[in-house]
Amino acid sequence: MGETEQTRPDTGTTDSADSETPDTAALRNELALERYRYVLQQIQTVNENAHRFLAIYQTLATTLVAAALALFVGYRTWELEADTARGGVIGLLTLTTVVAVFTGILIVVGALSWLDYRHEECDITDELVGPGFRTRPRPGNFLRWYETYVVLFILVSVITMWVLAGLFLLPAMR
């Protein structure tokens, strides 16, 4: 179809690996387009995952805190020692905290993955369309990212949970 070797004008050498025939250019563009589609799909997946992680946290936190409240309300009826009930409440709140930390880590890692995929998207568009076609993301814009507020919500909810337990539940279990 084409020559197996071409002379490179910039070096005067023959190099078959760097030659770009119309067929290889079309293949290169097609592969870049497929990679671009994949990157966009991954960005969408990362965005959806943050919502999933929040839903999982809300479900588990609500269930664990409800169990702690049930233990607080029913420990006398169940004839449990106050120390045992306090330990159970602390254990359930600790488990809720572990779930919160894990969820927060997943959301932060997702945001970092999103940044990486967006940079790759910009690299592809810079090469195929032209430099500056897509503006690169700036981590300084984190106040505009919903992940920031999800992590803040998780942090505030865990702090509130511990403060309320320390002020009201645990002292009342005597």
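## An exposed glutamate and its partner

Let's start with E127, which counts as exposed because its relative accessibility is 53%, past the 50% cut-off for that label. Keep in mind that everything here comes from a predicted model.

E127 has a partner: it forms a salt bridge with R28, and their closest N and O atoms sit 1.8 Å apart. This pair links distant parts of the chain, with R28 in helix α1, E127 in helix α2, and the two positions 99 residues apart. R28 has a relative accessibility of 35%, so R28 counts as partly exposed.

## A second link between α1 and α2

Another salt bridge joins E120 to R35, this time with 2.5 Å between the closest N and O atoms. Here E120 belongs to helix α2 and R35 to helix α1, so the bridge ties together parts that are 85 residues apart in sequence. As for R35, a relative accessibility of 35% makes this residue partly exposed.

What lets pairs like these form? Side chains of opposite charge can pair when their charged atoms come close.

## A pair within one helix

Not every salt bridge has to reach across the chain. The side chains of E48 and R52 also meet in one, at 3.6 Å from N to O. Both residues are in helix α1, and because they are four residues apart, about one helical turn separates them.

How exposed are these two? E48 is partly exposed, at 33% relative accessibility, and R52 is partly exposed too, with a relative accessible area of 45%.

## A network, and the full count

Salt bridges can also join up into a group: R118, E121 and R134 are linked in a network of them. How many salt bridges turn up when the whole structure is searched? The answer is nine.

## The largest pocket

Now for some empty space. The largest pocket holds about 250 Å³. There are 16 residues lining this pocket, and the ones closest to its centre are V65, S157, T160, M161 and L164. Three helices each give two or more residues to the lining: α1 (22-74), α2 (82-128) and α3 (146-172).

What kinds of residue make up the lining of the largest pocket? Sorted by class, eleven are nonpolar and five are polar, with no charged residues in the lining.

Methods
Residues numbered from 1 in each chain as written. Predicted model: local features only at pLDDT ≥ 70, side-chain atom pairs only at ≥ 80, totals over all residues. Heavy atoms only, no water. 1 Å grid on protein atoms, 1.4 Å probe; cavity = no way out; pocket = protein on both sides within 12 Å on 5 of 7 lines; lining within 4 Å. Points joined across faces, edges and corners; volume = space filled by probe spheres on them. Nonpolar A, V, L, I, M, F, W, Y, C, P; charged D, E, K, R; others polar. Salt bridge = Lys/Arg side-chain N within 4 Å of Asp/Glu carboxyl O. Buried < 20%, exposed > 50% of the residue type's maximum accessible area, 1.4 Å probe, protein only.
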